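User: Hi! Could you walk me through this one?

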Amino acid sequence: MTFNLRDAYMIVGGLPVPRSDRAEAIAYIAYIAIYRHRDAVYRFQAEMGERFQIRIGIIAVSY
């Protein structure tokens, strides 16, 4: 599930369907956000003249 929080997104692993690899799935999404899109971030910064920042926090909860 993905929730838009104004200028941020919150992604929840294991909802609505529970999954045993939810922590790995969230870590993979974080990897995609940072490493696979870094060229697009560099282009944005060069073209717009502004910094583009990505902040990722991961909280693991067992249920």
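User: Which residues form the nonpolar patch on the surface?
Analyst: Y28, Y31, I34, Y35, F52, I54, I56 and I58 do, and together they have about 750 Å² of accessible area (Shrake-Rupley, 1.4 Å probe). Patch members have over 30% relative accessible area and no salt bridge (Lys or Arg side-chain nitrogen within 4 Å of an Asp or Glu carboxyl oxygen), with nonpolar side chains joined within 5 Å. This is a predicted model, where local features need pLDDT of at least 70, side-chain atom pairs count only at pLDDT 80 or more, and totals for chains, interfaces and linings use all residues. Residues are numbered from 1 along each chain, and side-chain values use heavy atoms, leaving out hydrogens and water.

User: Why does I34 count as partly exposed?
Analyst: Because its relative accessibility is 37%; buried means under 20%, exposed over 50%, and partly exposed in between.

User: And where is I34 found?
Analyst: In helix α1, residues 22-36 (helices are DSSP H or I runs of at least four residues, strands E runs of at least two).

User: Which residues of α1 are buried?
Analyst: A25, I26, A30 and I32. They sit on the same side of α1, because they cover an arc of only 155 degrees around the axis, judged by directions to the C-beta atoms. These buried residues pack against β2 (9-11), where contact means heavy atoms within 4.5 Å. On the other side of α1, E24 and R36 are exposed.

User: Switching topic, what pattern does the chain follow?
Analyst: Along the sequence the pattern is β-β-α-α. Of the chain's 63 residues, 10% count as buried.

Methods
Patch = residues over 30% accessible without salt bridge, like charges linked within 9 Å, V, L, I, M, F, W, Y side chains within 5 Å. Buried < 20%, exposed > 50% of the residue type's maximum accessible area, 1.4 Å probe, protein only.
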